Amino acid sequence: MIGMARFGTRDLDRAKIFYDAIAALLGAVRAFDRPDVVAYKSGDGGMLLIGRPFEGEASPGNGNQVGIPAESRAVVDAVHARALELGGQCEGKPGIRGDDPNGFYGAYFRDLDGNKLVIFRFGPPD
């Protein structure tokens, strides 16, 4: 349903270091890199853009988050750990959410600008 999402940043060079590392674990690549925005594209065609706002200062939205699917629970764990190593803030350790042990497995964190992400795997363990 969603093909693209965008977060604002106050420091694009710092954001690129953070998102380059996360993208590599997810099998995503830079789709383009401009002076004001960088885009990461996954194999399914979805894109995440990180850039300077058109106007004003970048700030995280209250209640906003972007979910990125992972191919395995191990990738969920790895992305969450790497995000925290790079200075991200934990918003929920990796684990099952809900009652179905074969359902939604996710990990939540905020990037260096405070934007909230969830990396998830829906389905049985790998």
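# A guided tour of the chain

Of the 126 residues in this chain, 39% count as buried. The model is predicted.

**The whole chain**

Display the chain as a cartoon and begin at the N terminus. Two helices and eight strands make up its secondary structure, and the elements follow one another in the order β-α-β-β-β-β-α-β-β-β. Next, show the C-alpha atoms alone. Along the principal axes they fill a box of roughly 45 × 30 × 25 Å. The radius of gyration is 14 Å, which agrees with the value near 14 Å that a compact globule of 126 residues would have.

Now consider how the chain meets itself. Among contacts between residues at least 6 apart in sequence, 55% join residues at least 24 apart.

**The surface and the charges**

Switch on the surface. Its accessible area comes to about 7000 Å², and carbon and sulfur atoms account for 52% of this. Then colour the charged side chains: 15 are positive and 17 are negative, with the centres of the two sets 1 Å apart.

**The nonpolar core**

In soluble globular proteins, nonpolar side chains tend to be buried together. To look at this feature here, select Phe7, Tyr19, Leu48, Ile50, Phe109, Leu117 and Ile119, the residues with the most contacts inside the largest nonpolar core, which has 25 residues. Elements that give two or more residues to this core include strand E1 (4-8), helix H1 (12-26), strand E4 (47-51), helix H2 (73-85) and strand E8 (116-122). The largest share, six residues, comes from H1.

Centre the view on Ile50. Beyond its neighbours up to four places away in sequence, Ile50 touches Phe7, Thr9, Leu12, Ala15, Tyr19, Asp36, Val37, Val38 and Tyr40.

**Thr9**

Select Thr9, in the loop between E1 and H1. Is this residue buried or exposed? Thr9 is buried, because its relative accessible area is 1% and the limit for buried is under 20%. Outside the four places on either side in sequence, its contacts are Ala15, Ile50, Gly51, Arg52, Pro53, Ala58 and Asp113. Add Asn115 to the selection: Thr9 and Asn115 are 106 residues apart in sequence, while their C-alpha atoms are 8.8 Å apart.

**Lys16**

Move into helix H1, where Lys16 is placed. Lys16 counts as buried, at 13% relative accessibility. Apart from neighbours within four places in sequence, Lys16 is in contact with Arg30, Asp33, Arg34, Val38 and Tyr40.

**Tyr105**

Proceed to strand E7 and select Tyr105. Its relative accessible area is 11%, so Tyr105 is buried. Setting aside residues up to four places away, Tyr105 touches Arg73, Val76, Asp77, Pro94, Gly95, Ile96, Ile119, Phe120 and Arg121. One of these, Ile119, also appeared among the core residues with the most contacts. For a distance, pick Ala78: its C-alpha atom is separated from that of Tyr105 by 13 Å, with the two positions 27 residues apart along the chain counted as their separation.

**Leu112**

The last stop is Leu112, in the loop between E7 and E8. At 23% relative accessibility, Leu112 counts as partly exposed. Which residues does Leu112 touch, not counting those up to four places away in sequence? They are Arg10, Arg14, Phe18, Leu86, Gly87 and Gly88. Finally, draw a line from Leu112 to Leu86: these residues are 26 apart along the chain, and their C-alpha atoms are separated by 8.4 Å.

How values were computed:
Residues are numbered from 1 along each chain as its sequence is written. This is a predicted model: local features need pLDDT of at least 70, side-chain atom pairs count only at pLDDT 80 or more; totals for chains, interfaces and linings use all residues. Side-chain values use heavy atoms; hydrogens and water are left out. Helices (H or I, at least four residues) and strands (E, at least two) are DSSP runs, numbered from the N terminus. The radius of gyration is taken over C-alpha atoms; the globule rule is 2.2 Å times the number of residues to the power 0.38. Buried means under 20% relative accessible area, exposed over 50%, partly exposed in between (1.4 Å probe, protein chains only). Contact means heavy atoms within 4.5 Å. Accessible areas come from the Shrake-Rupley method with a 1.4 Å probe; for residues, only the protein chains shown count as cover. Lys and Arg count as positive and Asp and Glu as negative; His and the chain ends are not counted. The place of a charge is taken as NZ of Lys, CZ of Arg, CG of Asp or CD of Glu. A nonpolar core is a set of buried Ala, Val, Leu, Ile, Met, Phe, Trp, Tyr and Cys residues joined through side-chain atoms within 4.5 Å.
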